[in-house]
Amino acid sequence: MHGFLQDIAVCSIAAWALGVVAHLARQPVILAYLIGGFVVGPNCLRLVHSQENIEVISELGLIFLLFMIGLEIDLKKVLSSGKTILATAGVQILGGSALGVLVFLMLGERLGGGKWDALYLGIAAALSSTVIIVKVLYDKRELDTLTGRITLGILVLQDLAVILFLAVQPSLNDLRIGVLALSLVRVGVLVATMLLVSRYVLPHVFRGVARVPELVLVGALAWCFLGGELAHHLQLSREMGALVAGVSLSTFPYALDVTAKVTSLRDFFVTLFFVGLGMTIPMPNWGVLETALVLALFTVVSRFATTMPPLYLMGQGIRASFLPALNLSQISEFSLVLMQLGFAAGHVTVETKNATSFAFVILAVASTFAMTNSNRISRPTVRLLKRLGLRDLDAATEQGGEGPPRIILFGFFRTASSLIAELERENDRVLLDEIKVVDFNPIVLRGLQERGIRVQYGDISQRETLVHSEIAQAEILVSTVPDYLLKGISNEKLVRQLRSLNPKATIVAHAEVLSDIERLYAAGADHVFVPRLIAAAELRRILHAAGDGLLPRKREELDHSLDKRREVLG
């Protein structure tokens, strides 16, 4: 027992030290955990060498990791996903897996006879890293953009697809219809039991202990391990039971509170899993590295081959089809989980498992760099594909109205969406007929075209887009998009460009912080608006109304303003 505690201490210290280095180097901390495990493990410094302790650390971390992944799967969002995300995820997951199996079979990997390396490699290559993608998109403030929502939607559906694979994984060596049907029945019993209990029993239990945080935490852990034991008794893996336990808990009213309570434990157990996984990685030989490089290359190529075409064919345009594929171009931490389970079941060789770990490291570094610089990469790529003959949405842009526009909105996000909705609500056809929008969001393009608003599909960071937007004849030029959402340009740079192209126009610009106001005026803006100051003035009126007992009247005014309001971006 003393040795086990010492091994956990060594793992934690190594993970923390290398995690700090990874953070300073702007790399995913999972890489640090894998490297830390390798450094302290039996194949390097041998600070931890007990195989039994390594296996316990890895399994404990794996069970809790899958429980937390399940907690973060929102079934309601999955069911409400648009057809674009559902269709793209279906093509990407099924197409990527099938293509992977075929390619790795051709490269000599085994499929059948108790060995399923080609199948595991194909599925591993079809999954993308939730940890890496969410972190980078969050840092770039792109989680709520069109490409961000598409990327996250596909990620969630990937996680659900893994549940189906885990259902048949124990029966791979005996793939008879009866055996598979029995496995699916067992999975059905597990899922139904966990969902029914989480819906009709757990809310009452957690309501009674909601004011005692430690009982909420212990209750969540008990539910996780209860799911694991139920799965084990049904001859399924404990890991699948933990995953289903998390998914079932994500649907009940206290899910957010439970997630908040177990976040710190999640980080600890996730750390243990990846450090434990790192300890099992030997010094690489050329054969393992060769497989890792092939797997990494195939993952990137297959991601573009299976993600871009469905998005493009469903009218998302080149840019919004390219960026999700780029975002998804890495191997998932779930892929490492599957390889660990496959190795424990004897389905894959240790070389295949280690090659996947090395491919994960390679792609984690490469994809982090690519995602961070996605807009720099996408711009020349879009231009190249258009030169090669691929039609973009700008070719189908329909210009409404007669004559050049008097007002041009450069970029279209929530403020501009509310402006158009307000003009429609007031039936202000004079201004609506005088406005033109320039943006590269395909949802904006279709939404405005349906409303009869003039719109041009284009990237406002490109000077040629501005030149071809009829800017020379416009009288008022407006930017309503904050700097953090502008790609490849800022409001200050945009104002300078607009002023150089039309010295006489009135330019109205958006400022997020007060220090930007003077810079925007110096760049050539005639007026700068700060949305938070407008919101603050409205909030002051609300506070006065609350003090005077007039809040119901304010709510009636808001309800009236929202009545029959239909925005492009809700």
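## Charged residues and the parallel sheet

In this predicted model, Lys353 is in contact with Thr280, Met339, Gln340 and Phe343, leaving aside residues up to four places away in sequence. Lys353 belongs to helix 17, which spans residues 350-372. The side chain of Lys353 is buried yet takes part in no salt bridge. Its nearest side chain of opposite charge is that of Glu351, at a distance of 9.9 Å. Because a salt bridge requires a side-chain nitrogen of Lys or Arg within 4 Å of a carboxyl oxygen of Asp or Glu, the separation of 9.9 Å from Glu351 does not qualify.

### Salt bridges

The model contains 17 salt bridges by this rule. Among them are the pairs in the following table.

| Pair | Closest N to O distance |
|---|---|
| Arg406 and Glu434 | 2.9 Å |
| Glu470 and Lys436 | 3.1 Å |
| Arg519 and Asp516 | 2.5 Å |

Arg406 and Glu434 form a salt bridge. Arg406 is located in the loop between helix 18 (374-387) and strand 1 (407-410), while Glu434 is part of helix 20 (residues 429-434), so this pair ties together parts that are 28 residues apart in sequence. Arg406 is partly exposed, its relative accessible area being 27%.

Glu470 and Lys436 form another of the salt bridges. Here Glu470 comes from the loop between helix 22 (463-467) and strand 4 (476-479), and Lys436 from strand 2 (residues 435-439), so the parts tied together are 34 residues apart in sequence. How accessible is Lys436, as a relative value? Lys436 has a relative accessibility of 1% and therefore counts as buried. Glu470, at 28%, counts as partly exposed.

Arg519 and Asp516 also meet in a salt bridge. Both residues lie in helix 24 (residues 515-523); they are three residues apart, so about one helical turn separates them. Arg519 is partly exposed at 38% relative accessibility, and Asp516 is buried at 13%. Through salt bridges that share partners, Arg519 and Asp516 are joined with Glu492 and Arg496 into one network.

### The six-stranded sheet

Six strands make up an open sheet in the order 3-2-1-4-5-6, and their pairing is parallel. Which strands stand at the edges? Strand 3 (454-457) and strand 6 (527-529) occupy these positions; each has a single partner strand, so one side of each is left without a neighbour in the sheet. From one strand to the next, the twist averages 20°.

Strand 5 (residues 506-510) runs parallel to strand 6, and the two are joined by three bridges. One residue pair can be named: His510 has Phe529, in strand 6, as its bridge partner. Helix 24 lies across strand 5 and strand 6, and its direction makes an angle of about 155° with strand 6. Helix 24 is also the element that holds the pair Arg519 and Asp516.

### The loop between helix 22 and strand 4

Gln473 is located in the loop between helix 22 and strand 4, the loop that also contains Glu470. With a relative accessibility of 48%, Gln473 counts as partly exposed. Which residues does Gln473 touch, not counting those up to four places away in sequence? The contacts of Gln473 are Pro404 and Pro405. The C-alpha atoms of Gln473 and Gly403 are 9.4 Å apart in space, although the two residues are 70 residues apart in sequence.

Technical notes
Residues numbered from 1 in each chain as written. Predicted model: local features only at pLDDT ≥ 70, side-chain atom pairs only at ≥ 80, totals over all residues. Heavy atoms only, no water. Helix = DSSP H or I, 4+ residues; strand = E, 2+ residues; numbered from the N terminus. Buried < 20%, exposed > 50% of the residue type's maximum accessible area, 1.4 Å probe, protein only. Lys, Arg positive; Asp, Glu negative; His and termini not counted. Contact = heavy atoms within 4.5 Å. Pairing = 2+ DSSP bridges. Axes fitted to C-alpha atoms, helices over the stretch in contact; angles between N-to-C directions.
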